[in-house]
There are 2 protein chains.
Amino acid sequence: MNYIVGIDIGGTSVKIGLFDTNGDLKRKWSILTNKEDNGKYIMKEIYQSLLHKKVNLKNVVGYGFGVPGPVVSGTVLQAVNIGWYDYDLALEFSQLVGNSNVHVGNDANVAALGEVFKGAAKGKKDIAMITLGTGIGGGIIIDGHSIEGVFGAGGELGHIVVEFERPRQCNCGSLGCLETIASATGIKREFTELAKSGMYKTFLKNIGEPSAKKIFDAAIRGDELSNEVINRVAYALGYACHMVSLVVNPEVIVFGGGVSRAGEFLFEKIRKEFSKYKFYAVQKTQIVGAELGNDAGMFGAAYMVANA
Amino acid sequence: MNYIVGIDIGGTSVKIGLFDTNGDLKRKWSILTNKEDNGKYIMKEIYQSLLHKKVNLKNVVGYGFGVPGPVVSGTVLQAVNIGWYDYDLALEFSQLVGNSNVHVGNDANVAALGEVFKGAAKGKKDIAMITLGTGIGGGIIIDGHSIEGVFGAGGELGHIVVEFERPRQCNCGSLGCLETIASATGIKREFTELAKSGMYKTFLKNIGEPSAKKIFDAAIRGDELSNEVINRVAYALGYACHMVSLVVNPEVIVFGGGVSRAGEFLFEKIRKEFSKYKFYAVQKTQIVGAELGNDAGMFGAAYMVANA
């Protein structure tokens, strides 16, 4: 039996999935991400883990990787959390396993591919995905392939500028990026600042630093302050959806990441904001939640091999 | 000798170019766009014009078309100025000429392909083009192919919402679209309204309705009001460039259309506005003027055949 190996490299752990050539996940496990010496042992440890798990490399048709940073043609331009700079991952891993069929993509792009392969956008041709976590990532898939971008920044939707009145500094250097508002970090900060202003009622008092989850739960239960925060999040995400739709006009926009667990309560608000933009074709784009959760990266990594 | 025919259909005229298979333009001419009976005679008249010009159809390897409206898989969804709705142009023309190698794209997308083929973005892999005319069109080219979009709205950059404080109604139904500010129409309206306000000095008085060209010329000569208008145009275009760059991260953004004849005076201002957005990869995107002028559509139409 032939296999595809899909690997999702994160700052904390490396998720490894063994797929059959139809893309069905047969086994999965994870190892810790060894960040020593700028991540120079990671490829070797993945290789050793495959051997340790008795994967017969002769039966592996190809390997896919998602990595946390921009990628161009198999080379990781930078993965700050790991310490890789201009790192030719495809070449290095190819030599270790003796197989040149190695594909590498940015983690957010690869997660989007996963949702196309086996998730919320299954069978769709053109999609966008927005991943709402500590930061905000994004991926654009056209005809089953992700848009890498000339400098590896295709789909970097977290840095769309959406706030002009009271823009906050973003890590990227710009002011008012989507990430400053709609990431878990942004939601918590907005809540804390609006709480100080005393303008909105809330029953979430004296809870120290609130989590995005607590704020969503309170919003669902009618908390005024929490709803104000979430409405601003929904406005910003609706605007981002409109923007993406005018550039690449996808059939569906998928929301993933921890914050998206708020589910339909959030998606309904985003759809309402999105519907305020009237350009005819854009109105037809669907907004849905991701389905594969933390496995999306592995599935997408496998898809790069299956769809090469 | 083998030929490619590149055809650019506009609301007033149809431009027809005869190219060799390397994409060198050998002959070109135009015919009037016959809009009678919802444009039902246009294909036939193009066919007859080719015969009239003694083009040996047996030597034509393929035909490309740019049309003023959204296109999906060879079908024109709508071309309001002509009267086409759900019009299978590729099929109809294929039958007339007895050749199934017919490619159809939206005019702005096709113009962008032309600039990639033989113009300002020659040899570039990923580009965006923004066409500043009476309205604003756009095209996104990735790996030499335009992003059509699921509903034919890929690259509809004129409808990015860029104005929030004093947004104007756009024809699309939204408020504050790029087109309401940076099209020739938008520039003239902005000038007229700001002139009424009396807030800015101008030596362009009593000239009736001013043209975009007159406003640019006056701005270059230091006119305060004209510069205020152009600075707003540049801000909006800089914002749009940054937005497009985060979605598809092109190597170059090409400005075409009548308003872009303002040249470096305008491009320098756009670059300055664009440089205010700090996300690293985006900063590397170049902003340049188009090179092919009104021929871009014919070249792009030919490119669809050459690059199929």
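Reader: With which residue does A:Arg271 form a salt bridge, and how far apart are the closest N and O atoms?

Author: In this predicted model, A:Arg271 forms a salt bridge with A:Glu264, and the closest N and O atoms of the pair are 2.9 Å apart. The idea to keep in mind is that a salt bridge asks for a side-chain nitrogen of Lys or Arg within 4 Å of a carboxyl oxygen of Asp or Glu. As for their surroundings, A:Arg271 has a relative accessible area of 24% and is therefore partly exposed, while A:Glu264, at 47%, also counts as partly exposed.

Reader: Which residue does B:Arg271 meet in a salt bridge, and where do the two residues lie?

Author: In chain B the side chain of B:Arg271 meets that of B:Glu268, at 2.7 Å from N to O. Both residues belong to helix α9 (residues 264–274) of chain B, where they stand three residues apart, about one turn of the helix. The relative accessibility of B:Glu268 is 44%, so this residue counts as partly exposed, and B:Arg271, with 24%, is partly exposed as well.

Reader: What does the salt bridge between B:Glu193 and B:Arg168 tie together?

Author: The closest N and O atoms of B:Glu193 and B:Arg168 are 3.0 Å apart. B:Glu193 lies in helix α6 (residues 184–197) of chain B, whereas B:Arg168 lies in the loop between β11 (145–146) and α5 (179–182) of chain B, so the salt bridge ties together parts that are 25 residues apart in sequence. To read the accessibility of such a pair, recall that buried means under 20% relative accessible area. B:Arg168 has 11% and is therefore buried, but B:Glu193, at 36%, counts as partly exposed.

Reader: Which residues do salt bridges with shared partners join into one network, and how many salt bridges are found over all chains?

Author: Salt bridges can share partners, and in chain A those that do so join A:Arg166, A:Arg168, A:Glu190, A:Glu193, A:Glu228 and A:Arg232 into one network. A search of the whole structure gives 28 salt bridges over all chains.

Reader: How many salt bridges, and how many residue pairs in polar contact, does the rule find across the interface of chain A and chain B?

Author: Across that interface the rule finds zero salt bridges, yet it does find 22 residue pairs in polar contact, with both residues of each pair at pLDDT 80 or more. On the side of chain A that touches chain B, the elements giving two or more residues are β10 (136–142) and α8 (224–248) of chain A. The largest share of that side, nine residues, comes from α8(A). Sorted by class, the side of chain A that touches chain B holds 24 nonpolar, 12 polar and seven charged residues.

Reader: How much area do chain A and chain B bury between them, and how many residues does each chain bring to the contact?

Author: The size of an interface is often given as the accessible area lost when the parts come together. Here chain A and chain B bury about 3400 Å² between them, and 68% of this lies on carbon and sulfur atoms. Within the area that chain A buries against chain B, A:Phe151, A:Val247 and A:Phe279 supply 19%, more than any other three residues. The contact takes 43 residues from chain A and 43 residues from chain B.

Reader: What rotation superposes chain A on chain B, and through which surface do the copies meet?

Author: A rotation of 180 degrees, with 0.0 Å of shift along its axis, superposes chain A on chain B with an RMSD of 0.0 Å. The two copies are thus related as by a two-fold rotation axis. Because 100% of the interface residues of chain A are also interface residues in chain B, the copies meet through the same surface.

Reader: Where is A:Ser260 found, and is this residue buried or exposed?

Author: A:Ser260 is found in the loop between β12 (252–256) and α9 (264–274) of chain A. Its relative accessibility is 11%, so A:Ser260 counts as buried. Apart from neighbours within four places in sequence, A:Ser260 is in contact with A:Leu132, A:Phe255 and A:Phe267.

Reader: What is the phi of A:Asn38, and what is that of A:Ser73?

Author: A:Asn38 is not a glycine, although its phi is positive, at about 55 degrees. This residue is found in helix α1 (residues 36–39) of chain A, and A:Asn38 counts as exposed at 52% relative accessibility. A:Ser73, likewise a residue other than glycine, has a positive phi near 50 degrees. A:Ser73 lies in the loop between β5 (71–72) and β6 (75–79) of chain A and is exposed, with a relative accessible area of 63%.

Conventions
Residues numbered from 1 in each chain as written. Chains lettered and ligands numbered in written order. Predicted model: local features only at pLDDT ≥ 70, side-chain atom pairs only at ≥ 80, totals over all residues. Heavy atoms only, no water. Helix = DSSP H or I, 4+ residues; strand = E, 2+ residues; numbered from the N terminus. Buried < 20%, exposed > 50% of the residue type's maximum accessible area, 1.4 Å probe, protein only. Contact = heavy atoms within 4.5 Å. Buried area = accessible area lost by both parts, 1.4 Å probe. Polar contact = N/O pair within 3.5 Å; in protein donor to acceptor, adjacent residues only side chain to side chain. Nonpolar A, V, L, I, M, F, W, Y, C, P; charged D, E, K, R; others polar. Least-squares fit on C-alpha atoms with pLDDT ≥ 70 in both.
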